[in-house]
Amino acid sequence: MPVLDIFNADAFSVTTMTEAMREISYVPGRIGELDLFQVESIDTLDVAIEKQSAESLLLIGSSPRGGPGDTRDIGRRSLRKLTVPHFQRNDAIYADEVMGVRAFGSETAVETLQGKIARKAAVHSQDFALTEEYHRLSVIKSGILFDSDGTTPIYNYATEVGESLSAEGDFDLDNASPAAGILRRRCGTLVRAMADSLGGLPFRGVMVIMGKAFADDFYAHKEVRETYLNYSAAADLRAGYVSTTGKPYGGFEFGGIVWEEYRGGGSVSVADDKAHAFPIGVPGLFKTRYAPADYIETVNRPGQRLYAKQWQMPNDKGVNVEFQMNALHYCTRPRVLMPLRRT
């Protein structure tokens with residue numbers, strides 16, 4: 001009976017390991033669940049963002065018949081190439097970890113190694129999921145794709161496309177004696193500003209994700225409570241704290257805007273006194289692009305969200321294991337992202 005070459009078995013090919021990693025239970029963050037980012041696999045390492053400068057409509061003055069007419073400059077197009085960032089996690093499994101079951105010619109060793117790789121992949125997969133949520137949230141909050149340290153920008157999309165971010169809006173939620181109707185007026189101002197920033201682009205509405213202090217004061221605001229407490233929609237106000245679906249977040253509509261507290265933690269969170277507004281239903285506003293891994297067998301093939309690969313250690317003491325993601329999350333019109341503060 002030949003000795004079983006467990007490290008070169010089909011169970012450990014790039015395709016099989018990647019498929020196994022994709023089957024692991026993945027619990028996405030809230031931004032992922034909102035389905036804001038249009039996802040596409042690409043077979044290159046770069047993404048091109050084309051922008052045409054916004055045109056303002058101008059009145060045309062009268063001119064003599066037969067004489068020269070009015071002229072104007074037409075906006076130019078610009079093209080910016082972005083390289084898809086690479087994120088990699090390395091690990092290893094040593095022969096001693098399966099020493100007790102590695103019988104001569106036995107398939108048990110393969111099954112044990114597969115189980116160990118699956119357990120490691122489960123942990124790493126959750127880290128990649130957290131990283132993806134962090135990147136998407138950072139794009140929504142600031143128009144910047146930050147690296148894991150929270151200070152190093154991978155891409156500043158406002159700079160890349162030549163736009164200016166909106167100034168932070170003050171909702172003055174700690175005012176003990178707010179003017180009558182002031183909160184709705186601020187909501188109306190926000191919606192109009194959002195529409196103006198979009199120009200002629202269609203959108204379904206506006207959504208705001210809030211930090212916990214902002215959310216607490218917003219839910220407790222006199223206008224919000226008076227709007228909801230006196231009729232059957234009071235349940236919507238209660239759902240702002242705890243969703244009726246059992247999920248750890250909820251939201252409701254007020255002033256033509258959907259408000260929701262973002263329940264995160266650590267670096268994946270919204271600052272307590274802050275909130276972030278963005279339009280929903282805008283075609284191609286937020287995008288995610290997955291590029292191929294840096295393996296021979298994945299060259300010029302559509303990228304997958306996650307990849308896994310193993311290779312035998314030179315001294316035959318085990319296998320090295322690698323997990324990777326090649327993903328770019330971006331906003332094509334960062335000018336529409338509007339930060340808010342509680343006071």
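**Exercise 1. Which residue in β15 does G169 stand opposite?** Find the partner, then place the two strands.

*Solution.* Welcome to the worked exercises; please keep in mind that this is a predicted model.
- Step 1: Look across from G169, and you meet L340 in β15.
- Step 2: Now widen the view to the strands. β7 covers residues 169-170 and β15 covers residues 338-341, and the two pair in the parallel sense over 2 bridges.
- Step 3: Turn to another neighbour of β15. Strand β11 (residues 274-280) pairs with β15 in the antiparallel sense over 4 bridges. Here K274 has R341 of β15 as its bridge partner.

**Exercise 2.** Work out the strand order of the open sheet that contains β7, and say which strands stand at its edges.

*Solution.*
- Step 1: Carry on from β11 to β8 (residues 205-210): these strands run antiparallel and are joined by 6 bridges. One pair to click on is M210 with its bridge partner A275 in β11.
- Step 2: Put the strands in a row. The open sheet has 6 strands in the order β7-β15-β11-β8-β10-β9, with mixed pairing.
- Step 3: Read off the ends. β7 and β9 (251-254) each have a single partner strand, so one side of each is left without a neighbour in the sheet.
- Step 4: Add the helix. α6 packs on this sheet and touches β8, β9, β10 (257-261), β11 and β15. The direction of α6 makes about 125° with that of β10.

**Exercise 3.** Describe how helices α6 and α7 pack, and list the residues that make the contact.

*Solution.*
- Step 1: Recall what is needed: two packed helices are described by the angle between their axes and the distance between the axes.
- Step 2: Take the values. α6 (residues 212-220) and α7 (residues 222-229) pack at an angle of about 55°, and their axes are 5 Å apart.
- Step 3: Classify the angle. Roughly parallel needs under 35 degrees and roughly perpendicular starts at 65, so α6 is oblique to α7.
- Step 4: Name the residues. From α6 come F218, Y219 and A220, and from α7 come K222, V224 and R225.
- Step 5: Sort them by type: 4 are nonpolar, none is polar and 2 are charged.

**Exercise 4.** Take the salt bridges of E132, E168 and E261, and decide for each whether its residues are buried or partly exposed.

*Solution.*
- Step 1: Start with the idea that side chains of opposite charge can pair when their charged atoms come close. In this model the count comes to 17 salt bridges.
- Step 2: Begin with E132 and R305, whose side chains meet at 3.0 Å, N to O. E132 lies in helix α3 (residues 108-142) and R305 in the loop between β12 (286-290) and β13 (307-312), 173 residues apart. Both E132 and R305 are buried.
- Step 3: Go on to E168 and R341, a salt bridge at 3.4 Å, N to O. E168 sits in the loop between α4 (157-161) and β7, while R341 is in β15, so this pair ties together parts 173 residues apart in sequence. E168 is partly exposed at 33% relative accessibility, and R341 is partly exposed at 27%.
- Step 4: Finish with E261 and R263, which meet at 3.1 Å, N to O. With 8% relative accessibility E261 counts as buried, whereas R263, at 34%, counts as partly exposed.
- Step 5: Look for shared partners. Salt bridges join E168, D170, K274 and R341 into one network.

Definitions and conventions: Residues numbered from 1 in each chain as written. Predicted model: local features only at pLDDT ≥ 70, side-chain atom pairs only at ≥ 80, totals over all residues. Heavy atoms only, no water. Pairing = 2+ DSSP bridges. Axes fitted to C-alpha atoms, helices over the stretch in contact; angles between N-to-C directions. Parallel < 35°, antiparallel > 145°, perpendicular 65-115°, else oblique. Contact = heavy atoms within 4.5 Å. Nonpolar A, V, L, I, M, F, W, Y, C, P; charged D, E, K, R; others polar. Salt bridge = Lys/Arg side-chain N within 4 Å of Asp/Glu carboxyl O. Buried < 20%, exposed > 50% of the residue type's maximum accessible area, 1.4 Å probe, protein only.
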